[in-house]
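Colleague: I'd like a close look at one part of this model: the inside, and how the side chains there sit against each other. Please take your time and keep it informal.

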Amino acid sequence: MSFELSNEQKLIEHEIQKFASAELKPIAGEIDKEAAWPRDIIRKLADLGFLGICIPEESGGAGLDTVSLCIVLRELSRDCASVGVAVAAHSCLVTYPILRYASSDLKTEQLPGLAGGSIGAFSSVDLDDQEKNLEVHESDGASFLSGTCRFVFNGEQASHFVVPLTHKGNLFHVIRRDNTITTEPQYLLGLRAAGIVTARFSNTVLGGHALIDAADAAAALRDVYAFADIGFCLL
């Protein structure tokens, strides 16, 4: 079976190769050594449309396909694994479940920002293990989350957290960052600039932004992780 990139995909490949060579390669060693989140690189990627590749154009994205996303992740990871991981987590673990499972209102609220450079975080752990370390309590009709999530992708600079947690019949809760959430860096070899953290929630409001019915939790997690595997296998 032969496979050939379309003209559009070849153009994307050329542009991201040029960007990575000029902007990323010269600083990759430095940001890893300093464990510095690549703020300027992420901003430039957003400006070029590379943070919203699979987000529809009407939501501020590029409206392209999964192959285009894979091309971008491959070329970024070739020069800097940290940036590859950050964009893969943002695109595959945050943007994809919102695209696939969120309500129209939540998509309208979240997708333009994600395409425009607002970074999303995802706690990538086994759901059963996650729920052992998190507790939700009710007070005056509101729900509050406390506990610890380890290995949170993009948690250092995220404006929102997507937390796989079953509560009130729903899974995948989107939580806005505030001062009840603290983070501690996790420095992984070769990924020191990827913004991976341990996140601690202390009476954090768990709002109504949940993505799917918890009855479909196992299937949804398999779906999201399978999509993420497409991106992360290129790193």
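**A look inside**

Modeller: Let me start with Asn 203, which has its place in strand 7, residues 197-205. Keep in mind throughout that this is a predicted model. Asn 203 has a phi near 55°, a positive value in a residue that isn't glycine. Most residues other than glycine have a negative phi. With 41% relative accessibility, Asn 203 counts as partly exposed, so I'd use it as a landmark and head inward from there.

The largest nonpolar core has 57 residues. Those that touch the most other members are Ile 16, Leu 45, Leu 76, Val 83, Phe 172 and Leu 211. Helix 5, residues 81-101, gives the most to this core, with 12 residues. Val 83 is worth clicking on: leaving aside its neighbours within four places in sequence, it is in contact with Leu 24, Ile 31, Pro 38, Ile 41, Leu 45 and Leu 76. Apart from this core lies another one, of 15 residues, and among them are Val 152, Val 163, Leu 165 and Val 197.

Now follow helix 5 along to Pro 97, which is found in that helix. Pro 97 counts as buried, at 0% relative accessibility. If you skip the neighbours within four places in sequence, Pro 97 is in contact with Cys 92, Ala 102, Leu 211 and Val 224. You can also put a ruler between the C-alpha atoms of Pro 97 and Val 162: they are 65 residues apart along the chain and separated by 9.1 Å.

Next, the aromatics. The structure holds four aromatic pairs. A pair of aromatic rings is described by the distance of the centres and the angle of the planes. For Tyr 96 and Phe 227, the ring centres are 4.1 Å apart and the planes are at 10°, so this pair is stacked. The pair links distant parts of the chain, with Tyr 96 in helix 5 and Phe 227 in helix 8, residues 217-232, 131 residues apart. Tyr 96 and Phe 227 are both buried.

Helix 8 also holds Ala 228, which counts as buried at 5% relative accessibility. Not counting residues up to four places away in sequence, Ala 228 touches Cys 92 and Leu 93. The C-alpha atoms of Ala 228 and Tyr 96 are separated by 8.7 Å, with their places 132 residues apart along the chain.

Cys 92 keeps turning up, and you may wonder about disulfides. A search of the whole structure finds zero of them. Cys 54 is in no disulfide, and the nearest cysteine sulfur, that of Cys 92, is 7.7 Å away. Cys 54 is partly exposed, with a relative accessible area of 25%. Cys 92 is in no disulfide either: for Cys 92 the nearest cysteine sulfur is that of Cys 70, at 7.3 Å. Cys 92 itself is buried, with a relative accessible area of 1%.

Over to the strands, where there is another ring pair to compare with the stacked one. The rings of Phe 151 and Phe 153 have their centres 5.0 Å apart and their planes at 75°, so that pair is edge-to-face. Phe 153 is buried, at a relative accessible area of 9%, whereas Phe 151 is partly exposed, at 26%. Phe 151 has its place in strand 3, residues 142-153, and its phi is near 55°, a positive value in a residue other than glycine.

Strand 4, residues 160-163, is joined to strand 5 by four bridges, and the two run antiparallel. Within that pairing, Phe 161 stands opposite Ile 175 in strand 5. Strand 4 and strand 5 form a hairpin with six residues between them, and Lys 168 in the turn has a positive phi of about 50°. Five of the seven residues of strand 5, residues 170-176, are buried, so this strand is largely enclosed by the rest of the structure.

One last stop is a charge over a ring: Arg 192 lies over the face of Tyr 187, at 5.0 Å from the ring centre.

Methods
Residues numbered from 1 in each chain as written. Predicted model: local features only at pLDDT ≥ 70, side-chain atom pairs only at ≥ 80, totals over all residues. Heavy atoms only, no water. Core = buried A, V, L, I, M, F, W, Y, C linked by side-chain atoms within 4.5 Å. Buried < 20%, exposed > 50% of the residue type's maximum accessible area, 1.4 Å probe, protein only. Contact = heavy atoms within 4.5 Å. Phe/Tyr/Trp six-rings, centres within 6.5 Å; stacked < 30°, edge-to-face > 60°. Lys NZ or Arg CZ within 6 Å of the ring centre and 35° of its normal. Disulfide = S-S within 2.5 Å. Pairing = 2+ DSSP bridges.
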